[in-house]
Amino acid sequence: MVTLGPVYDDGVLRMTWTGSPPVLVIDGEIDEDTYPALVQKLGELMGPADIHLNLAGVQYCDLAGLRAMVLLTGASHGGRARRVVLHEVPAHLQAVLGIVGWDSTPGLVLADLPS
């Protein structure tokens, strides 16, 4: 069971649980310094249920951070992909996902895309 509310905040990266189904809202910057905290929190999300991440407040995310989110689908392990729903993905992250081809990863859903 997910406890709603703040789960991480170092002043650069903030992660908070909200909503129903639970959505992990990620705000700030994901880089070499904040990547370990992101990976730790994402590692706690393993299980059969869909995973929902809101990225509207992400100003910067390096490839390692995006890859960590995409790998939650489990598609790279040859098994059945788990649904990972990315909500409100900023245009700059949509572009990177498209360039590297991760936007077509089985199980990855880009929802609520800004116009």
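Is D50 buried, exposed or partly exposed? In this predicted model, D50 counts as partly exposed, at 37% relative accessibility, and the sections below place that residue within the wider fold.

## Overall fold

The protein contains three helices and six strands, and these elements follow one another along the sequence in the pattern β-β-β-α-β-α-β-α-β. Of the 115 residues in the protein, 40% are buried. Among the contacts whose partners have a separation of 6 or more, 60% are made by residues 24 or more positions apart.

The surface that the protein exposes amounts to about 6200 Å², and carbon and sulfur atoms supply 55% of this area.

## The sheet

The six strands form an open sheet with mixed pairing, and their order within it is β1-β2-β3-β4-β5-β6. The edge strands are β1 and β6, the latter covering residues 108-111, and each of these two pairs on one side only. On average, neighbouring strands of this sheet are turned by 20° against each other when direction is ignored. In general, the strands of a sheet pair through backbone hydrogen bonds, in either a parallel or an antiparallel sense.

Strand β1, which spans residues 5-9, pairs with strand β2, residues 13-18, in the antiparallel sense over four bridges. These two strands form a hairpin with three residues between them, and G11 in the turn has a positive phi of about 90°. Strand β2 also pairs with strand β3, residues 23-30, again in the antiparallel sense, here over six bridges. M15 takes part in both pairings: M15 in β2 is the bridge partner of Y8, while the bridge partner of M15 in β3 is I26.

## Helix α2 and its surroundings

Helix α2, made of residues 63-71, lies across β3, β4 (51-61), β5 (84-87) and β6, and it runs at about 175° to β4. The buried residues in α2 are G65, L66, A68, M69 and V70. The cover over the buried residues of α2 includes strands β3, β4, β5 and β6 together with the helices α1 (35-43) and α3 (91-100).

## A nonpolar patch on the surface

L63, I99 and V100 make a nonpolar surface patch of about 290 Å². One of these residues, I99, lies in helix α3, and I99 is exposed, with a relative accessible area of 72%.

## Salt bridges

How many salt bridges does the structure hold? There are two salt bridges in the structure. In one of them K41 is joined to E44, with the closest N and O atoms 2.5 Å apart. The partners are set differently with respect to the surface: K41 is buried, with a relative accessible area of 12%, whereas E44 counts as partly exposed at 48% relative accessibility.

The other salt bridge brings together the side chains of D50 and R83, at 3.0 Å from N to O. D50 lies in the loop between α1 and β4, and R83 lies in the loop between α2 and β5, so the pair ties together parts that are 33 residues apart in sequence. Returning to the opening question, D50 counts as partly exposed at 37% relative accessibility, and R83 likewise counts as partly exposed, at 40%.

Definitions and conventions:
Residues are numbered from 1 along each chain as its sequence is written. This is a predicted model: local features need pLDDT of at least 70, side-chain atom pairs count only at pLDDT 80 or more; totals for chains, interfaces and linings use all residues. Side-chain values use heavy atoms; hydrogens and water are left out. Two strands pair if DSSP finds at least two bridges between them. Buried means under 20% relative accessible area, exposed over 50%, partly exposed in between (1.4 Å probe, protein chains only). Contact means heavy atoms within 4.5 Å. Accessible areas come from the Shrake-Rupley method with a 1.4 Å probe; for residues, only the protein chains shown count as cover. Axes are lines fitted to C-alpha atoms, for helices over the stretch in contact, and angles run from 0 to 180 degrees between N-to-C directions. Patches are made of residues with over 30% relative accessible area and no salt bridge: like charges are joined within 9 Å, nonpolar side chains (Val, Leu, Ile, Met, Phe, Trp, Tyr) within 5 Å. A salt bridge is a side-chain nitrogen of Lys or Arg within 4 Å of a carboxyl oxygen of Asp or Glu.
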